[in-house]
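Grab a pencil and have a look at the model below. Try each exercise yourself before you read on to its solution.

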Amino acid sequence: MAVESFAAWLETPQGRYALAWEQTKTDLLAADIFGFNAVQIGFPQIDFLRANRMPFRFTCCEEGACTTRADPHHLPFATNSVDLVVLPHLLEFAANPHQILREVDRVLVPEGSVLVIGFNPFSLWGLRRLFARGRGEPPWQGRYLSVPRLRDWFALLGFETHSGAFGCYAPPLRQEKWLQRLHFLEAAGDRWWPFLGAVYVLQAIKRQHGLRLVTPKWKDRMARAKALALLPQKPLTQKREE
């Protein structure tokens, strides 16, 4: 899907409705992720790193105004060099989402985070996409990925899904007045059918089992010396006198 076509859709009432929720939830998650380097891959016209406080924040895309031009299937970043990766609506429209996740796994540092923003196939918007049969105007092309499927993919890579949220429970209506009138569905959806939101944000953390803290050798020697030190004892003559 072309960046320009999706950017045009974001200017519609549907796009503004979905984007407002996505940015709010992403801001809450990204604000508590710390490190040095954060990268947003895809859709550079939307700043999903605005609430993050890392000193170096980049955008990577194939087209459009971004910091780095690159194919997301082959990221130009060093291994174990990025603390946070944000994937806004990238996996569902990519040719090979598995390869993108493998690249994310490669560039992330241990305990680094990835935020995935996507459309939920188990929603009214997912039903609308089925009727469109993957054709038509955005965002009805591509392949929507469910949260359980993403969790399985992340588990295979050694990631642990940490947190996430669903939102936008109103039908995919085109008129803004109807979307506003159905705003009460947000609170009702969060309470009664939280897994049927049109969009979601999922956080996964790269785990690397078996890591242990390696201390300097002089500390090891000092610890061993203390462990082998003998306790002071009273002289035998003193015991005899007593």
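Here come two exercises, one on cysteines and one on empty space inside the protein.

A word on the ground rules: this is a predicted model, where local features need pLDDT of at least 70, side-chain atom pairs count only at pLDDT 80 or more, and totals for chains, interfaces and linings use all residues. Residues are numbered from 1 along each chain as its sequence is written, and side-chain values use heavy atoms, with hydrogens and water left out.

**Exercise 1.** Find which cysteines form a disulfide (a pair of cysteine sulfur atoms within 2.5 Å).

*Solution.* Start with the whole structure: a search turns up one disulfide. Cys 61 and Cys 66 make the link, with sulfur atoms 2.3 Å apart. Next, check the twist: the S-S bond has -95 degrees about it, so this link is left-handed. Now try Cys 60. The closest cysteine sulfur, in Cys 66, is 6.4 Å from the sulfur of Cys 60, which is too far for a bond.

**Exercise 2.** Which residues line the largest cavity?

*Solution.* First, count: there is one cavity of 30 Å³ or more. Its volume is about 40 Å³. Then list the lining: Leu 87, His 89, Leu 90, Leu 91, Glu 92, Val 116, Ile 117, Gly 118, Leu 145, Leu 150 and Tyr 200. A cavity here is a set of points on a 1 Å grid over the protein atoms alone where a 1.4 Å probe fits but cannot get out, and lining residues have an atom within 4 Å of a point. Finally, look at where the lining comes from: strand 5 (residues 108-119) gives the largest share, three residues.

Key: 1 Å grid on protein atoms, 1.4 Å probe; cavity = no way out; pocket = protein on both sides within 12 Å on 5 of 7 lines; lining within 4 Å. Points joined across faces, edges and corners; volume = space filled by probe spheres on them. Helix = DSSP H or I, 4+ residues; strand = E, 2+ residues; numbered from the N terminus.
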